[in-house]
Amino acid sequence: MPTVDSLLKTVREIEPIIRQYAPAAERERKLAIPVAKAMQEAGLYRLWRPKAFGGLEVEPISAFRVIEEVSRIDSAAGWNLQIAVAHDMFAPWFGDQAAQEIFGFEAIPVGSFNPARKAVPVAGGYRISGRTTFVSGAHHATAFLGFANIYDDGELRVAADGNPEMLLIAVPAPEAEIVDNWNTMGMRGSGSHDVEMRDVFIPEHWAAPWRPLEKPGSAYQGSLYRLTVWPAIAALVPPALGIARAAIDEAVELITRKTPAYGTKTLKNQAVVQSQLARAEAKLGAGRLYFYQAFEEAWKEAVAARSVTIELKAKMQLAMTHAVLESAAAVDLIHEIVGASGIREEYEFSKHFRDIHVITQHGFINAGKLEAVGQIMLGLEPEWPFFQF
C-alpha cells in the first residue's frame, strides 16, 4: 500500500514533465497529453479507485496532499487530477458490472452535473442528449459522468415528491463531442470545455437512480466510500492550496533579490512587504489546517463505521469554502507586494491571481455555500442538496 511519502515522491519524479508542458496547457486551453499520460502511468488517477480494480484506495488526506503538490507545480495538472479522482467517488452508485466497465484500471472518468441531460428510455437502456458545461479534462476522458432527467414520450418523469426523477449516468467519451469554448481569464489549462451528446445509447446498467447511497457495490465496502460524495467535493480545494503555496514561495524568492524601480531599499527590507508576506502565510496555513482537520475527523468516523452527521458535513463544507477563500486572500496579499512583477508574463504571479479567483467561483465551494452552513448551525433545513448524501 503506498504511503503519502511514496506518492509525493512519485509526484516529484514527474515534476519535470509537468513543468515542461505547463505553458502549453495555458496556451492550448487543455492539459498536455504527456502530462496526462505521466500521471496515468504513475497511478495518480487511481488514488480513490478500489483495490479490487487495481486502484490505490488511499485515505482522503493522502490524496488531498498529492493533488495539492501537483497543483503547486501546475494548476492545470492539479485540477485535471482532482476532477478525475473525484469522479471515482461516484462509482459506488453503479452496480458491480457497470463500475468495472466504467472505472477500470486505465479509466479517466470526468464530468459535470449541470444542467442535467435528457434520458429517453429505449430497449436495453437510454438515449442520452444534452450539453453540459465546465467539463474539466474532457480531452483525456475515457467516460463522462453527469445527471440526466428521464423523459417518457416527451414528458418529464416526476417522482412521488414532485421532483424530476434523476439518474446518475456515464457515457463513453468517444460518443460525445467536445465543444471548444473554454475561453476564460484563469484556469485556462484545465480544459473545462462544454461536452454535447446527441441521442447516444447507453446500456441500462450505465445509469443509476441518484439518491442517498444505500448499497454500494462489492468493490466499495472500504471506509473511504462511507464518506460518499464528500471527498469528491473536497478535492476541489487542494488546487487552491497548491496555487497559494506556489505564489508565496515564488514571492519569497523574488523579494530576496528585488529592488523596486525608483527606490534604493530592497523589498526584503520593507516593513509592509514583511508583514504582508507573513499574513499571507498565516492565511494559507490556517485555512489549510482547518480543512485537513475537518477531514481527519470525518475519516475517523468512516473508519469506525459511524454515520457522518449533518453537523460534521457542515464543518467539512465550511472548512472547504474557508480554505479556498483564505487561499485567494493570501494570493491577493502576494499580488500587492510583488509590484509590477505581478503583471509580467515572465513571472507566474498574474497566473496565480487569475487561477485562484476562478476557483473561488466554483458552485460547490464558493462563498454562497456558507449560507447553508449557517442554516445548519441555526437548526434550519439546508438548501444545499448534497447535505442529504
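How many helices and strands are there in the protein?

**Figure 1. Overall view of the predicted model.** The protein contains 11 helices and nine strands. Its radius of gyration is 21 Å, close to the 21 Å that the globule rule gives for 389 residues, so the protein is as compact as a globular protein of that length. Along the principal axes, the C-alpha atoms fill a box of roughly 75 × 45 × 40 Å. Of the 389 residues, 54% count as buried. Among contacts between residues at least 6 apart in sequence, 74% join residues at least 24 apart. The protein exposes about 16900 Å², of which carbon and sulfur atoms supply 52%.

**Figure 2. Close-up of the bend in helix H1.** Helix H1 spans residues 4-28 and bends by about 50° at Ile 14. A proline, Pro 16, follows within four residues of the bend. After H1 comes Arg 29, which has a positive phi, near 60°.

**Figure 3. Close-up of the buried residues of helix H1.** Buried residues in H1 include Val 4, Leu 7, Leu 8, Val 11, Ile 14 and Ile 18. Also buried in this helix are Thr 10, Glu 15 and Glu 26, together with Ala 22, Ala 24 and Ala 25. The cover over the buried residues of H1 includes helices H2 (33-41), H3 (60-73), H4 (75-87) and H10 (349-359).

**Figure 4. Close-up of a nonpolar surface patch.** Val 120, Val 122 and Phe 201 make this patch of about 200 Å². Val 122 lies in strand E2, residues 117-122. Val 122 has a relative accessible area of 34% and is therefore partly exposed.

Definitions and conventions:
Residues are numbered from 1 along each chain as its sequence is written. This is a predicted model: local features need pLDDT of at least 70, side-chain atom pairs count only at pLDDT 80 or more; totals for chains, interfaces and linings use all residues. Side-chain values use heavy atoms; hydrogens and water are left out. The bend at a residue is the angle between axes fitted to the seven residues ending there and the seven starting there. Helices (H or I, at least four residues) and strands (E, at least two) are DSSP runs, numbered from the N terminus. Buried means under 20% relative accessible area, exposed over 50%, partly exposed in between (1.4 Å probe, protein chains only). Contact means heavy atoms within 4.5 Å. Patches are made of residues with over 30% relative accessible area and no salt bridge: like charges are joined within 9 Å, nonpolar side chains (Val, Leu, Ile, Met, Phe, Trp, Tyr) within 5 Å. Accessible areas come from the Shrake-Rupley method with a 1.4 Å probe; for residues, only the protein chains shown count as cover. A salt bridge is a side-chain nitrogen of Lys or Arg within 4 Å of a carboxyl oxygen of Asp or Glu. The radius of gyration is taken over C-alpha atoms; the globule rule is 2.2 Å times the number of residues to the power 0.38.
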